[in-house]
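Thanks for making time this morning. I would like to walk you through one structure, and I will ask you to keep the view open while I talk.

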Amino acid sequence: MSSAIAKVFGFLLLVLGTFLWIGQAVTALTGGEKAAAGAGAVEITPEGGETIFWGRGRCFTCHSMGDRGSAVRGPNQGVFGDKFPLPIGARAAERAKERSQKTGQAYTATDYLVESLAEPGAYVVEGYKNEMAIVYAPPIALSVKEVKAVISYLQSQGGELDLEALEKPSEVAKKFFAKMAAAQAAGGGDPSAGEQVYADNCASCHAIRGKGGKTGPELSAIAAKGVRFIEESILRPAKSITPGFETYSVIEKDGRKTVGLKTRDGATEVEITKATGEKVTIAKADIKEIEQDKDASVMPDNLNEAMTVKDLQDVLAYMMLQKSQ
Ligand code: HEC
Ligand code: HEC
């Protein structure tokens with residue numbers, strides 16, 4: 001009898017142990033523990049940045065630093081052979097001159113480094129492809145603070161270590177940091193990818209700075225309404241219909257039904273713009289019934305079906321960049 005109890009007890013211990021072990025293994029697999037230890041711990045110093053460059057930031061998977069590391073997919077960030085006579089700190093100052101000329105804005109070396117991380121496609125180093133990672137979007141998802149730390153590390157490679165420029169960024173750098181912060185506020189989406197999602201799913205109805213469709217409201221300053229509001233507008237458009245964009249349903253005497261925005265209300269006729277953008281003019285004399293449908297938006301409520309979770313995050317990040325200037 002007592003041996004049976006011991007067996008059951010032993011079995012329970014084994015089950016408990018297995019659970020604990022699985023929990024541990026899953027945490028390790030998802031990088032949970034590493035992330036917890038890394039988050040917030042970073043300091044904006046070259047040492048802090050070095051840890052990120054060779055760790056969480058994954059920079060070392062594409063970049064070497066002089067003869068440290070072996071990656072060649074991106075430019076070496078140190079001095080290496082004839083191809084890399086200047087380390088990145090000093091090289092950035094050279095590139096900044098090129099960027100100032102090209103853009104007409106005064107770039108500092110730090111501005112160039114910030115741009116390299118915020119918008120890698122803006123300047124593609126000769127001989128390389130535009131395949132630098134978006135390091136502030138998943139899966140790397142560095143915070144703005146971590147990006148600043150890594151930049152201080154790059155500055156310290158033969159350049160001027162200028163922490164002041166990271167603490168009080170120039171006008172040029174400020175915009176880039178704002179872009180990264182917006183991406184993070186939107187759950188870490190990538191606004192550059194979001195611009196494409198927007199072009200494919202939204203631009204036919206919405207305009208940004210004068211470009212795009214006119215069926216829906218202009219979105220040039222939509223960031224001000226906040227990411228939650230924007231997300232809800234996409235997932236459940238009818239929940240809060242933008243004033244002036246109410247849905248009307250018209251039934252004519254012959255039974256025909258037209259649904260859309262009332263874009264004109266004249267003395268003798270109304271104009272209804274359908275979700276397709278098609279405009280239908282209906283004589284008031286032919287109308288049997290016209291009413292506002294409070295439960296439906298002209299904006300389709302199934303847009304997210306065609307989008308992945310990443311697409312949604314990306315388009316939200318792009319929306320959060322739309323601030324009137
Ligand atoms: C998937 C590979 C990849 C990863 C990961 C990556 N980079 Fe890059 N990086 C590149 C490539 C390719 C280029 C060259 C093309 C370009 O200029 O965009 C580049 C360019 C750069 C430049 C401009 C270099 C110059 O000579 O002007 C800097 C600075 C830079 N990366 C820093 C970083 C940092 C810091 C990280 C980590 C936080 C990182 N990169 C992660 C591939 C990568
Ligand atoms: C078929 C046309 C159509 C498409 C496609 C469409 N929208 Fe809309 N959208 C509208 C209309 C009409 C409204 C106003 C009615 C409402 O609030 O539901 C609107 C409202 C919005 C609003 C609220 C604006 C405000 O100022 O209150 C946001 C944000 C928005 N849309 C974003 C998007 C995004 C992002 C996409 C693509 C993923 C998209 N829309 C696709 C027609 C469209």
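**Two ligand shells, two buried helices and a run of strands**

Let me begin with helix α5, whose buried residues are Ala 109, Thr 110, Asp 111, Tyr 112, Leu 113, Val 114, Glu 115, Ser 116, Leu 117 and Ala 118. I should say at once that this is a predicted model. With 10 of the 10 residues of α5 buried, the helix is largely enclosed by the rest of the structure. What do the buried residues of α5 pack against? They pack against α4, α6, α7, which spans 163–167, and α8.

From there it is natural to turn to ligand 1, since α5 (109–118) supplies at least two residues of the shell around it, as do α4 (88–103) and α6 (144–155). Among the elements, α4 gives the most to that shell, with three residues. The shell around ligand 1 has 28 residues, of which Gly 57, Cys 59, Cys 62, Gly 74 and Met 132 come nearest. By character, the residues of this shell divide into 16 nonpolar, six polar and six charged.

Now please move to ligand 2, where 24 residues lie around the ligand, and where Cys 202, Cys 205, Gly 216, Ser 297 and Met 299 come nearest. Two or more residues of this shell are given by α10 (227–235) and likewise by α11 (309–319), and the largest share, three residues, comes from α10. How many residues of the shell around ligand 2 are nonpolar, polar and charged? The division here is 16 nonpolar, eight polar and no charged.

Helix α11 deserves a further word, because nine of its 11 residues are buried, so that α11 is largely enclosed by the rest of the structure. The buried residues include Asp 311, Gln 313 and Asp 314, along with Leu 312, Tyr 318 and Met 319. Their cover includes α8 (171–185), α9 (191–201) and α10.

Finally, the strands. Strand β4, residues 257–265, and strand β5, residues 269–273, pair in the antiparallel sense over four bridges, and the two form a hairpin with three residues between them. Within this pairing, Arg 264 has Glu 271 of β5 as its bridge partner. Strand β5 also pairs with β6, residues 279–283, again in the antiparallel sense, over five bridges, with Val 270 standing opposite Ile 282 in β6. That second hairpin has five residues between its strands, and in its turn Gly 277 has a positive phi of about 100 degrees.

Conventions
Residues numbered from 1 in each chain as written. Chains lettered and ligands numbered in written order. Predicted model: local features only at pLDDT ≥ 70, side-chain atom pairs only at ≥ 80, totals over all residues. Near = placed C-beta within 6 Å. Nonpolar A, V, L, I, M, F, W, Y, C, P; charged D, E, K, R; others polar. Buried ≥ 20, exposed ≤ 12 C-beta atoms within 10 Å, placed from the backbone. Contact = placed C-beta atoms within 7 Å. Pairing = 2+ DSSP bridges.
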